[in-house]
Amino acid sequence: MKDKSNIPDRWAYRREYAQRHYPPGTHIRLIEMPNDPNPVPVGTCGTVLAVDGAGQLLMQWDNGRNLSLVPGTDNFEVLERPQHRDAPARRAHNKGDAR
């Protein structure tokens, strides 16, 4: 994670973490956006569209806004993550089945 001048990319870790944990299609509910002067209202739900170069989540909020989330600064909860196409379907376990 170094650029051409051999200096560590300070945003690479944040970006890669956000891409792994909040892929496009992830549904999120906002808990708090403390540092924004015009925040999205608490409790608003939205969908991750992409992750930018600084690791911010580019959002489409259900109220029509497009304000980004900053993991580690803004507080939110993940409601649902998209299923990977390559992941096998999970089989429901019946009581008593070995797990």
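Colleague: What makes the order of elements α-β-β-β-β?

Modeller: From the N terminus on, that is how they run in the protein chain, with one helix and four strands in total. Helices (H or I, at least four residues) and strands (E, at least two) are DSSP runs, numbered from the N terminus. This is a predicted model, so local features need pLDDT of at least 70 and side-chain atom pairs pLDDT 80 or more, while totals for chains, interfaces and linings use all residues. Residues are numbered from 1 along each chain as its sequence is written, and side-chain values use heavy atoms, leaving out hydrogens and water.

Colleague: Why does Asp74 have no salt bridge?

Modeller: A salt bridge needs a side-chain nitrogen of Lys or Arg within 4 Å of a carboxyl oxygen of Asp or Glu. The nearest side chain of opposite charge, Arg65, is 11 Å away, so Asp74 has none. Asp74 is buried all the same, meaning under 20% relative accessible area with a 1.4 Å probe, protein chains only.

Colleague: What does the side chain of Asp74 have by the backbone nitrogen of Val70?

Modeller: A polar atom, 2.8 Å from that nitrogen. Asp74 itself is found in the loop between strand 3 (57–61) and strand 4 (75–80).

Colleague: What makes a set of residues a nonpolar core?

Modeller: They are buried Ala, Val, Leu, Ile, Met, Phe, Trp, Tyr and Cys residues joined through side-chain atoms within 4.5 Å. The largest one here has 13 residues, and Leu57 is among those with the most contacts inside it. Strand 3 gives the most to this core, with three residues.

Conventions: Buried means under 20% relative accessible area, exposed over 50%, partly exposed in between (1.4 Å probe, protein chains only). Lys and Arg count as positive and Asp and Glu as negative; His and the chain ends are not counted. A polar contact is a pair of N or O atoms within 3.5 Å; within protein, one must be able to donate a hydrogen and the other to accept it, and residues adjacent in sequence count only if both atoms are side-chain atoms.
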